[in-house]
Amino acid sequence: MDLPGCLALWIWALLAGSSGVLSHVLPDITDPAFIRRCVQAHNVHRSRANPPAANMRMMSWDDTLARGAQSWARHCKASHNPLLQQVGRVHPEFRRVGENIWLGSPYSAFTVESAIHTWNKEGADYTHQNQSCARVCGHYTQLMWATSYRLGCAVHVCSGGIDNFSTNPESTIFVCDYGDVGNVFGVPPYIVGLACSSCGTERCKDKLCTDPDRDKDMRYDWTPGWDFGPSSAHVPSHWLNNPRLRLPFGICWILYFYATH
């Protein structure tokens, strides 16, 4: 096989199926498209609250919440960050922070929209009249928590699996953190009523309460003290451990060796 043939084999390995390298190129928390999709998916479901919400705030992105979500996602645990309820531990502005987590495998099963839609589906088991839940509703109530208006999300592939969930090397965790915190015991997620009727001085847009001054970017020079590990956007060791890549990589190396010696 000549060098052009080797390159063709390598490209095929990259593109072939969900096991290829391209399936592991994760969106970073600074990726504008990823940010837009996260914010848009949240606001679409919030604007369609059923029954209608009188005080539902529009959500916007928060870089600091995203860094916290990314830091926890790297732990690869099927549980919430235990520091969320400790005042000031996960955000310099919000005293406490809420969190939603989606787990799945392989990575190809994940999209921002499908994960958030899964949380929203829990609303079928939630009764607003008496704040009761037939099964699991915590993801839905956080998604619909009217006073939460900031979010930051991150996705991470756990090549060693996710604790108490899966040993699949493509186990995927998607974490979204929210300010201000939701799911406060004894408090309904929102006021049921005519959309935007309880916005106060805030404007109404797409059935959501919005304040341009409040929604300006919050930027802090802050990183979680418990943050560690490489960026979730880069997983080179997982690429090289991929069985689809080892053979073509070896062939290319041998051809290169004999062509240069």
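## Why is it called that? A chat about a predicted model

Modeller: Let's start with the rings: F34, W61, W102, Y107, F110, W119 and F174 form one aromatic cluster. Keep in mind that this is a predicted model.

Colleague: What makes F34 and W61 an aromatic pair?

Modeller: The structure holds 8 aromatic pairs, and the one between F34 and W61 has its ring centres 6.3 Å apart. The cut-off is within 6.5 Å, so the two rings pair.

Colleague: Why is that pair called edge-to-face?

Modeller: The planes of F34 and W61 stand at 80 degrees. Over 60 degrees counts as edge-to-face, so the name fits. F34 lies in helix 2 and W61 in strand 1, so the pair ties together parts that are 27 residues apart in sequence. Both F34 and W61 are buried.

Colleague: How do you know which label suits F34 and F174?

Modeller: In the same way: with 85 degrees between the planes, F34 and F174 are edge-to-face too, because the label applies over 60 degrees. Their centres are 6.5 Å apart. F34 belongs to helix 2 and F174 to strand 6, so this pair ties together parts that are 140 residues apart in sequence.

Colleague: Why is F34 called buried? And what about F174, buried or exposed?

Modeller: F34 has a relative accessible area of 3%, and buried means under 20%, so F34 qualifies. F174 comes to 0%, so F174 is buried as well.

Colleague: What stands opposite F174?

Modeller: That is W102. Strand 2 (residues 98–104) and strand 6 run antiparallel, joined by 7 bridges. Pairing asks for at least two bridges, so these strands count as paired. In strand 2, 6 of its 7 residues are buried.

Colleague: What makes the span of helix 2 close to the expected one?

Modeller: Helix 2 (residues 32–47) has 16 residues and reaches 22 Å from its first C-alpha to its last, against an expected 22 Å at 1.5 Å a residue. At the N-terminal end, D31 acts as a cap, with a side-chain oxygen 3.1 Å from the backbone nitrogen of A33. A polar contact is within 3.5 Å, so that distance qualifies.

Colleague: Which elements do the buried residues of helix 2 pack against?

Modeller: Among them are strand 1 (60–61), helix 4 (112–121), strand 5 (150–158) and strand 6 (171–179). The buried residues of helix 2 include F34, I35, C38 and V39.

Colleague: Why does A69 count as buried?

Modeller: A69 is at 0% relative accessibility, and the limit is under 20%, so A69 is buried. A69 sits in helix 3 (residues 63–73). Leaving out residues up to four places away in sequence, A69 touches G152, C153, A154, V175 and D177.

Colleague: How much of the whole chain is buried?

Modeller: Of the 261 residues, 47% count as buried. The chain has 7 helices and 8 strands. Among contacts between residues at least 6 apart in sequence, 76% join residues at least 24 apart.

Colleague: Where does pLDDT stay under 50?

Modeller: Over residues 8–24, and again over residues 230–246. The chain averages a pLDDT of 83, and 75% of the residues score at least 70. Where pLDDT is low, the predicted coordinates should not be read in detail.

Note on methods:
Residues are numbered from 1 along each chain as its sequence is written. Side-chain values use heavy atoms; hydrogens and water are left out. pLDDT is the predictor's confidence in each residue, from 0 to 100. Contact means heavy atoms within 4.5 Å. Helices (H or I, at least four residues) and strands (E, at least two) are DSSP runs, numbered from the N terminus. The expected span of a helix is 1.5 Å times one less than its number of residues. Buried means under 20% relative accessible area, exposed over 50%, partly exposed in between (1.4 Å probe, protein chains only). A polar contact is a pair of N or O atoms within 3.5 Å; within protein, one must be able to donate a hydrogen and the other to accept it, and residues adjacent in sequence count only if both atoms are side-chain atoms. Rings of Phe, Tyr and Trp (its six-membered ring) pair if their centres lie within 6.5 Å; planes under 30 degrees apart count as stacked, over 60 as edge-to-face and the rest as tilted.
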